[in-house]
Amino acid sequence: MTVDITLIVLMAVFFAAGIYLLLERSLTRVLLGLILLGNGANILLLSMSGGGGKSPLYVSGTPAEDYTDSLPQALILTAIVITFAVTAFMLGIIYRSWVLGRQDDVQDDPEDRRVADQPSYDYEDDADIAADTTEFSDDGSAPEPAGTSASGGDRADRPEDTP
Amino acid sequence: MIAADLAPLAVVLPFLGAAVTFLLLRHSRAQRAVSITTLSITLLIEVVMLLAAPSAGTHAVRLGGWAPPFGIVLVVDQFSALMLVVSSAVSLAVLIYAAGQGMADGDEDGPVSIFHPTYLILVAGVSNAFLTGDLFNLYVGFEILLTASYVLMTLGGTAPRIRAGVTYVVVSVVSSMLFLIAIAMIYGATGTVNMADLAVKLESVDPATQLVLHLMLLVAFGIKAAVFPLSFWLPDSYPTAPAPVTAVFAGLLTKVGVYAMVRVETLLFPGDRINTLLMVVALLTMIVGILGALAQSDLKRLLSFTLVSHIGYMVFGLAISTRIGLGAAVYYVAHHITVQTSLFLVTGLIERRGGTANMDRLGGLAKLSPLLGILFFLPAMNLAGIPPFSGFLGKLGLIQAGVELGTPLAYVLVAGGVLTSLLTLLVMARVWNRAFWRSPADAEDPDPILLASKADGSSVGTSRHVTGEETGKFAGKDPVTLLPGTMTGPTIGLVALGLALTLLAGPLFTLSDDAAQEMLDRTPYIEAVLGVGADG
């Protein structure tokens with residue numbers, strides 16, 4: 001199989017530029033990176049149909065091996081349509097992001113930050129457990145409400161459930 | 001004419017349904033009726049196909065009458081038939097749940113009218129990916145379901161969903177690009193994209209080239225399946241979507257990736273060349289995922305992490321790649337789709353009933369709604385792998401396969417699997433203790449909904465730190481049915497399906513075992529597509 005070196009070099013440039021842009025924080029650049037990546041992949045597909053100069057259409061008398069392979073072109077067409085749809089959708093999202101927050105950057109996940117910032121001490125898991133955890137006592141005295149026995153001072157203001 | 005010839009309907013019917021629901025944009029009741037009917041018929045056809053699959057063997061349907069390897073074929077074998085039935089049953093339940101949610105909240109019009117067409121397109125894409133016997137058609141199937149999922153993920157276009165949607169779309173597009181590049185390289189190496197044809201021709205390709213193609217495909221599918229180093233995007237993006245959408249994503253989308261990985265490993269690149277790598281990846285996925293779940297307090301995020309963790313079990317079975325290991329993995333996929341989806345649906349109900357999905361702010365739900373307690377408890381124990389449930393049976397099969405293999409790494413993997421199961425139990429116990437068992441008043445800053453209904457509203461005043469906007473989405477919308485039957489019904493159905501996997505475990509394990517044997521043999525698949533005597 002012969003391969004066109006110009007196409008390969010072009011593909012490499014597309015991939016390099018695409019990956020560089022993809023690593024940016026600005027959404028528009030990320031989108032441009034995706035478009036370049038998609039075009040690079042399409043060129044790769046195209047170069048898989050062999051070298052140039054072969055017959056694309058039926059010419060009577062041409063031997064079968066002198067025709068260019070048309071399947072990669074069909075694959076590219078499908079891939080182009082898909083990339084087009086995704087690009088349009090991405091533009092929609094970027095515009096929406098701009099309308100909502102006047103920003104074009106990839107945002108951090110707030111819940112991620114919250115989980116990362118939370119202390120390792122957890123009230124529910126790590127608080128001392130009272131020696132007697134049962135709510136049913138034999139001596140007839142009122143059982144200690146669950147929770148208060150283990151609670152710290154900050155929870156003393158909790159209203160009682162008992163009427 | 002045999003049952004498997006109906007296979008194209010599994011893809012075409014949802015597409016037709018999507019077209020009809022698009023025309024009915026302004027009539028939400030008709031939309032619901034059409035989409036539910038479509039999915040029910042699809043499910044029925046797929047059940048017929050599954051019942052016929054063991055006797056009919058692998059069957060290929062040639063689309064448009066083109067002879068393979070030139071035309072596209074749809075291949076029905078026991079694995080794909082099982083996946084189709086489970087995925088359609090789950091998506092039907094989620095659809096009824098979503099329709100029920102719409103009816104309960106009374107949003108007769110609004111942007112959600114796009115939900116039904118998009119949802120049906122998603123189902124069509126999933127079915128296509130399960131059925132196709134053509135690598136490029138698999139790419140198209142992935143793109144159909146991904147594009148539909150982009151729309152569902154950003155439904156409503158609120159700021160958090162847009163933020164999550166950006167991550168999701170970019171990561172998915174990159175994985176699709178990798179897949180496309182891999183297809184181009186495979187075509188360059190072999191000159192075909194038909195999977196059966198590839199199975200024959202790839203054997204004569206140089207082993208080093210084979211390894212490159214193999215790894216390219218695995219990375220592309222690994223991103224979609226959320227296997228450990230490539231799973232970073234999932235807990236970031238899934239939790240913000242609407243509850244039914246998250247549920248169907250969690251159940252189906254990652255499993256399509258796992259399904260594609262299974263096909264790559266068994267059909268295209270058989271042999272144990274990278275099984276060691278897969279075992280390490282499986283171990284890391286299980287352990288890292290479940291440790292992530294331990295740190296979360298938001299239920300949806302917590303479940304997203306358990307989802308990642310349990311993908312590890314499927315990769316575990318795939319990496320063992322013996323008949324018993326692969327069979328257990330097939331059973332585990334069916335089990336996990338059902339259980340994970342029902343847990344997400346229950347979380348949606350919890351969010352409705354308690355006003356939030358953050359378990360620090362929940363409490364006393366077992367007393368407020370015992371039904372909710374049962375609905376959460378059964379799938380949670382099922383996921384953790386407590387004996388009578390299907391999760392236990394699947395894990396047992398995997399552990400058996402690991403012990404049978406007997407290498408040191410396999411034993412490490414078995415130990416990791418048991419540890420992950422225990423940690424899952426711990427995670428579920430934490431949720432249970434907080435959201436269900438403690439007194440609502442012990443919750444940090446509980447939503448008024450949680451306290452209001454305790455004693456006909458008399459204790460509303462006991463809630464602390466409540467500001468106006470924290471009354472949840474139901475503020476000013478009175479009266480609201482908190483747990484409508486249209487939402488609990490499908491959830492009960494799915495939980496029951498999860499239990500049925502235990503009751504039907506005998507025939508199901510036979511089926512998945514046969515499916516595994518079929519895939520390991522490879523010849524039934526190749527002969528069904530290319531004709532007898534084509535391999536070799």
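**Chain B and its contact with chain A**

In this predicted model, 32 residues of chain B are in contact with 35 residues of chain A. On the chain B side of this contact, the elements that contribute two or more residues are α5(B), covering residues 135–153, and α6(B). Of the elements on that side, α6(B) gives the most, with 14 residues. Sorted by character, the residues of chain B that touch chain A comprise 16 that are nonpolar, eight that are polar and eight that are charged.

Behind this contact lies the fold of chain B as a whole, which contains 21 helices and two strands. Its radius of gyration is 23 Å, close to the 24 Å that the globule rule gives for 536 residues, and chain B is therefore as compact as a globular protein of that length. Taken along the principal axes, the box filled by the C-alpha atoms of chain B is roughly 80 × 55 × 40 Å. Of the 536 residues of chain B, 61% count as buried, and when contacts with a separation of 6 or more are considered, 78% of those in chain B are made by residues 24 or more positions apart.

One helix that can be followed in detail is α8(B), which runs through residues 207–225. This helix has 19 residues and reaches 26 Å from its first C-alpha to its last, close to the 27 Å expected at 1.5 Å a residue. The buried residues of α8(B) include L213(B), H214(B), L217(B), L218(B) and F221(B), and the list also takes in A220(B), G222(B), I223(B), K224(B) and A225(B). In reading such a list it helps to recall that an α-helix has 3.6 residues a turn, so residues three or four places apart point the same way. The buried residues of α8(B) pack against three other helices of chain B, namely α6 (159–190), α10 (243–268) and α12 (299–320). The helix α6(B) thus appears in two settings, as a packing partner of α8(B) and as a contributor to the side of chain B that touches chain A. Just after α8(B), the residue A226(B) takes a positive phi of about 60°.

The strands of chain B can be read together, for β1(B), residues 59–62, and β2(B), residues 73–76, run antiparallel and are joined by four bridges. Within this pairing, R62(B) has V73(B) of β2(B) as its bridge partner. From β2(B), V73(B) and V75(B) point one way while L74(B) and V76(B) point the other way, and all of these residues are buried.

Conventions
Residues numbered from 1 in each chain as written. Chains lettered and ligands numbered in written order. Predicted model: local features only at pLDDT ≥ 70, side-chain atom pairs only at ≥ 80, totals over all residues. Rg over C-alpha atoms; globule rule 2.2 N^0.38 Å. Buried ≥ 20, exposed ≤ 12 C-beta atoms within 10 Å, placed from the backbone. Contact = placed C-beta atoms within 7 Å. Expected span 1.5 Å × (residues − 1). Nonpolar A, V, L, I, M, F, W, Y, C, P; charged D, E, K, R; others polar. Pairing = 2+ DSSP bridges.
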